[in-house]
Amino acid sequence: NKNNLERVFEKGIAKDFFSVLGWTVLTKGLVEQYPVKFATVTHKADFALFISGKDAPEIIIELKRPAKKKEDKDTDQLIDYMRHESCSYGILLLGDKLEIYYIDYSTPKHESSLVETIKYRHNNDAARQLMEVLNRDEYTPLKMQEYCHKRVKINKSVEYWCSEGGKAEIMDMIVKRSKLPDH
């Protein structure tokens with residue numbers, strides 16, 4: 001049963017993942033099946049992480065069963081939960097990878113961004129950096145915000161330099177610096 005696979009993933013692997021980082025039910029930092037109340041219906045986010053002194057979740061986590069192909073509705077669900085709870089950070093766990101999302105509430109449109117996709121593999125530097133930020137004992141909202149801003153800025157730069165305009169700008173720089181004829 002596909003739902004059972006997701007529950008096993010949720011209760012076992014995902015819960016252990018956050019427990020290793022210090023987020024547990026006992027520390028009141030981890031809430032399983034966190035209720036997100038919309039007008040007439042309540043949905044449940046798989047997990048929510050809380051920091052002391054804050055009533056709203058700091059990070060909302062949604063899980064999808066291993067081997068499930070990601071669909072747009074998976075991201076939409078997480079972003080909807082984040083927006084409804086005024087939560088800036090979300091994590092989508094997709095079996096062999098995780099995706100981090102960020103909503104910048106300081107912008108007029110409250111834009112959401114994919115911060116990073118991290119595949120599970122041995123000696124993954126991106127995963128190590130994220131684990132340092134997510135470690136509950138060291139966690140601060142400012143550290144998480146800086147992490148997200150840096151990654152979003154890098155993503156936008158890569159996106160630009162890989163675009164047609166970025167490639168044309170690179171070629172123009174090469175031609176100008178090489179002092180070769182334009183042709």
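## A walk through the model, starting at Arg128

Arg128 is partly exposed, with a relative accessible area of 41%. Select Arg128 as your starting point, and keep in mind that this is a predicted model.

**Stop 1: the charged side chains of α3**

With Arg128 on screen, add Asp125. Their side chains meet in a salt bridge, with N and O 2.5 Å apart. Both residues belong to helix α3, which runs over residues 125-134, and they sit three residues apart, about one turn of the helix. Asp125 is partly exposed too, at a relative accessible area of 39%.

Now select Glu132. Arg128 forms a salt bridge with Glu132 as well, and here the closest N and O atoms are 2.6 Å apart. Arg128 and Glu132 are four residues apart in α3, so about one helical turn separates them. Glu132 is partly exposed, at 45% relative accessibility. Show the three side chains together: salt bridges with shared partners join Asp125, Arg128 and Glu132 into one network.

**Stop 2: a pair in the interior**

A search of the whole structure turns up seven salt bridges. For another of them, go to Glu62 and Lys64, whose side chains meet at 3.5 Å, N to O. Are these two residues buried or exposed? Glu62 is buried, at a relative accessible area of 2%, and Lys64 also counts as buried, at 8%.

**Stop 3: the nonpolar cores**

Next, select Ile59, Ile61 and Met144. Of the 28 residues in the largest nonpolar core, these three touch the most other members. Colour the model by secondary structure to see where this core comes from: α1 (2-20), β2 (42-49), β3 (59-64), β4 (89-94), β5 (97-103), β6 (112-119), α3 and α4 (141-162) each supply at least two of its residues.

Centre the view on Ile59. Leaving aside residues up to four places away in sequence, its contacts include Phe47, Leu49, Cys87, Tyr89, Ile91, Leu134, Tyr139 and Met144.

Then move to Val36, Phe50, Ile60 and Ile79, which are among the 15 residues of a second, separate core.

**Stop 4: helix α2**

Ile79 brings you to α2, residues 72-84. Try a distance between the end C-alpha atoms of the helix: they are 18 Å apart, which agrees with the 18 Å that 13 residues should span at 1.5 Å a residue.

Which residues of α2 are buried? Select Asp74, Thr75, Leu78, Ile79, Tyr81 and Met82. They lie on the same side of α2, because they cover an arc of only 155 degrees around the axis. These buried residues pack against β1 (30-37), β2, β3, β4, β5 and β6. Turn the view round to find the exposed residues Asp72 and Lys73 on the face directed away from the buried side.

Just after the helix, pause at Ser86, which takes a positive phi of about 55 degrees.

**Stop 5: two cysteines**

Finish with Cys87, which you met as a contact of Ile59, and add Cys148. The structure has zero disulfides, and Cys87 is in none; its nearest cysteine sulfur, that of Cys148, is 10 Å away. Why do these two sulfurs not form a bond? At 10 Å, the sulfur of Cys148 is too far from that of Cys87, its closest cysteine sulfur; a disulfide needs the two sulfurs within 2.5 Å. Cys87 is buried, with a relative accessible area of 0%, and Cys148 counts as buried at 0% as well.

Notes: Residues are numbered from 1 along each chain as its sequence is written. This is a predicted model: local features need pLDDT of at least 70, side-chain atom pairs count only at pLDDT 80 or more; totals for chains, interfaces and linings use all residues. Side-chain values use heavy atoms; hydrogens and water are left out. A salt bridge is a side-chain nitrogen of Lys or Arg within 4 Å of a carboxyl oxygen of Asp or Glu. Buried means under 20% relative accessible area, exposed over 50%, partly exposed in between (1.4 Å probe, protein chains only). A nonpolar core is a set of buried Ala, Val, Leu, Ile, Met, Phe, Trp, Tyr and Cys residues joined through side-chain atoms within 4.5 Å. Contact means heavy atoms within 4.5 Å. The expected span of a helix is 1.5 Å times one less than its number of residues. The arc is that of the directions from the helix axis to the C-beta atoms.
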